[in-house]
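Biologist: I would like to learn how to read a fold from its coordinates. Can we take it feature by feature?

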Amino acid sequence: VAYPMHCDCVYAVIDSAMKDGSGNDGTAVVYFGLSQHFGHQLTILDWDIVQINSDLLVNWLPTVLQHCEHLAGVCKARNGSIGAFIEDKASGIILNQYGARMGWPVTPIDGTITATGKDGRAIAASGPVYRGEVKFSQHAFEKTKEYKGITRNHLMNQICSYRIGDKDAAKRADDLSDAALYGIIIGL
């Protein structure tokens, strides 16, 4: 779908990693537009994935918050950007603590959501997705990026390749799909 012409708010969800390198997880961010009264309820606006050491994430976080502000302007978000929700484990703890100390709009993802596990989050998000309450913006759907030497839409690839109960799931990249699932659960 097109970007929303109006929405209630824009937010980002971050699933961060500890260290860079092709053998390690990436740090993923997915941006959402939430609307209770106009258009689609939840639109995935944009996404990004980077390889970055955890000590540099505090320098990266302001770019995420700035992009949220930009998207809030583009989508005429009534309540603007409400900031970033960050997984509260590993390097995410550092981001949450640093962001709070700086007065930035960062919120730890509720521990009950993170404790549910990947399959539990996928099941929790499946209802709103099935009912058509979640849409991809054309931008997020068509976006490609080179990551670990592969150029493609990594968000779509990770979401579409995830299978509940897959014993080999831990061997595949899932940082973007985790961020997307968190965002759907938080928003809806």
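Modeller: We go from the overall build to the sheet, then to the helices that lie across it. Keep in mind that this is a predicted model.

Biologist: Start with the whole. How many helices and strands are there in the protein?

Modeller: Seven helices and eight strands. Next, set the radius of gyration against the globule rule. The radius is 15 Å and the rule gives 16 Å for 188 residues, so the protein is as compact as a globular protein of that length. Along the principal axes, the C-alpha atoms fill a box of roughly 40 × 40 × 35 Å.

Biologist: What share of the residues is buried?

Modeller: Buried means under 20% relative accessible area. By that cut-off, 46% of the 188 residues are buried. The accessible surface comes to about 9100 Å², and carbon and sulfur atoms hold 54% of that.

Biologist: And the contacts? What part do residues far apart in sequence play?

Modeller: Take the contacts with a separation of 6 or more. Residues 24 or more positions apart account for 66% of them.

Biologist: Now the sheet. In what order do the strands run?

Modeller: Read strand order first, then pairing, then edges. Six strands form an open sheet in the order 5-4-1-2-3-6, with mixed pairing. Strand 5 (106-108) and strand 6 (134-136) are the edges, each pairing on one side only. From one strand to the next, the twist averages 30 degrees.

Biologist: How many bridges join strand 3 to strand 6?

Modeller: Three, and the two strands run parallel. Strand 3 covers residues 42-50. For one bridge, look at Ile-44, whose partner in strand 6 is Phe-136.

Biologist: Which strands does helix 6 lie across?

Modeller: For packing, note the strands crossed and the angle. Helix 6 (residues 154-161) lies across strand 2 (27-34), strand 3 and strand 6. Its angle to strand 3 is about 105 degrees. Helix 7 lies across strand 1 (9-15), strand 2, strand 3, strand 4 (81-86) and strand 6. Helix 7 runs at about 30 degrees to strand 2.

Biologist: How long is helix 7, and how does its reach compare with the expected value?

Modeller: Helix 7 (residues 175-187) has 13 residues. First to last C-alpha, helix 7 reaches 18 Å, close to the 18 Å expected.

Biologist: Why can helix 7 be called largely enclosed?

Modeller: Count its buried residues. Eleven of the 13 are buried, so the rest of the structure largely encloses helix 7. Among them are Leu-176, Leu-181, Tyr-182 and Ile-184. Asp-175 and Asp-178 are also on the buried list.

Terms used
Residues numbered from 1 in each chain as written. Predicted model: local features only at pLDDT ≥ 70, side-chain atom pairs only at ≥ 80, totals over all residues. Heavy atoms only, no water. Helix = DSSP H or I, 4+ residues; strand = E, 2+ residues; numbered from the N terminus. Expected span 1.5 Å × (residues − 1). Buried < 20%, exposed > 50% of the residue type's maximum accessible area, 1.4 Å probe, protein only. Pairing = 2+ DSSP bridges. Axes fitted to C-alpha atoms, helices over the stretch in contact; angles between N-to-C directions. Contact = heavy atoms within 4.5 Å. Rg over C-alpha atoms; globule rule 2.2 N^0.38 Å. Areas by Shrake-Rupley, 256 points an atom, 1.4 Å probe, with all protein chains shown as cover.
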